[in-house]
Amino acid sequence: MKTIRLNNGVMMPAVGFGVYQIAPEATERAVGDALEVGYRMIDTAASYFNEEQVGNAIRSSGLKREELFVTTKLWVQDYEYDDALRAFDRSMKALGLDYLDLFLLHKPYGNYYAAWRELEKLHDEGIIRAIGVSNFDPGRLIDLIEFNEITPAVNQIETHLLCQRQIAHQWMEKYHVRHMAYAPLGQGHKNEMFENPAVAEIAKVHGKTPAQIALRFLMQNDVIVIPKSAHEERIKENFNIFDFMLSASEMEQLRSMDTATPMIGDPENPEKTEFAMTW
């Protein structure tokens, strides 16, 4: 398993398993399958309502806690000081863990300064190994960095072949924040991505699927990926990306697909903001 060094020295797997939109009743089996395949990083969130099932799968796996890297996220309605601590405790109880590897602010809304400072305290106490953010654009990320003590270790944002976030990636590199991709297979835009002639041809050359090409492209660009699936064969397929390398010309072909436009999780879209406020 390839690992990535975070800005505080913590090592994080380069490929993890996401559980967004996996129903709670399917989560435990899916996570169990992923751990059996070889995934060692699991990404969940309070707002996914499946932290308890993730914890059950971890306990059933027989793996040592130190072999795993577990990420969850704080939802916006819990950003005030006391609320953030209570929400963290709820997540830890649901997961059944005594420490967390990575805790993220889920959205850049509300009093995220207060929430961040609570995360800093938990990090300093050693209960969280690393803290980060999700859905932060470069401007908000820099603002958070400049007026707080700890630089986020990770920024998890929508990233895939059709939305590669190249400018955001450059800013993250400048500030030593790791780029983590959610929806690395495009969610509702899979067909548009996978049926692209360049993707299909490169997949044929390497004897891989379009999904594997899409994930390998991101990994070679130093982007952490968390593909999700509830299907065992797809879970295996998405993990099997370590035995080939895309050439420079193939990488350039794939880079040309970028629309530079978020399609799923644009935090600056007022409709997305309004939805988050009423969740």
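Colleague: Which residues does Asp-78 touch, not counting residues up to four places away in sequence?
Modeller: Asp-78 touches Asp-83, Ala-84, Ala-87 and Arg-90 on that count, where contact means heavy atoms within 4.5 Å. This is a predicted model, in which local features need pLDDT of at least 70 and side-chain atom pairs count only at pLDDT 80 or more, while totals for chains, interfaces and linings use all residues. Residues are numbered from 1 along each chain as its sequence is written, and side-chain values use heavy atoms, with hydrogens and water left out.

Colleague: What joins the side chains of Asp-78 and Arg-90?
Modeller: The two side chains are joined by a polar contact of 3.3 Å. The term requires a pair of N or O atoms within 3.5 Å; within protein, one must be able to donate a hydrogen and the other to accept it, and residues adjacent in sequence count only if both atoms are side-chain atoms.

Colleague: Why is Asp-78 called buried?
Modeller: Asp-78 has a relative accessible area of 18%, and buried means under 20%, exposed over 50% and partly exposed in between (1.4 Å probe, protein chains only). The value of 18% therefore places Asp-78 in the buried class. Its place is in the loop between β5 (69–74) and α3 (81–95); helices (H or I, at least four residues) and strands (E, at least two) are DSSP runs, numbered from the N terminus.

Colleague: What makes Asn-238 buried?
Modeller: Its relative accessible area is 3%, so Asn-238 meets the criterion. Asn-238 is found in helix α10 (residues 232–239). Leaving aside neighbours within four places in sequence, Asn-238 is in contact with several residues, among them Tyr-39, Leu-185 and Pro-227.

Colleague: How do you know that β7 and β8 pair?
Modeller: Two strands pair if DSSP finds at least two bridges between them. Strand β7 (residues 128–134) and β8 have 2 bridges, in the parallel sense, and therefore satisfy that rule. In β8, Gln-156 is the bridge partner of Ser-134. The chain crosses from β7 through helix α5 (residues 138–146) to β8 in a right-handed β-α-β crossover. Right-handed means that, with the strands pointing away from the viewer, the path from the first strand over the helix to the second runs clockwise.

Colleague: How many bridges join β8 to β9?
Modeller: The parallel strands β8 and β9 (residues 178–182) are joined by 5 bridges, and the bridge partner of Gln-156 in β9 is Met-180. With helix α6 (residues 166–174), β8 and β9 make a right-handed β-α-β unit.
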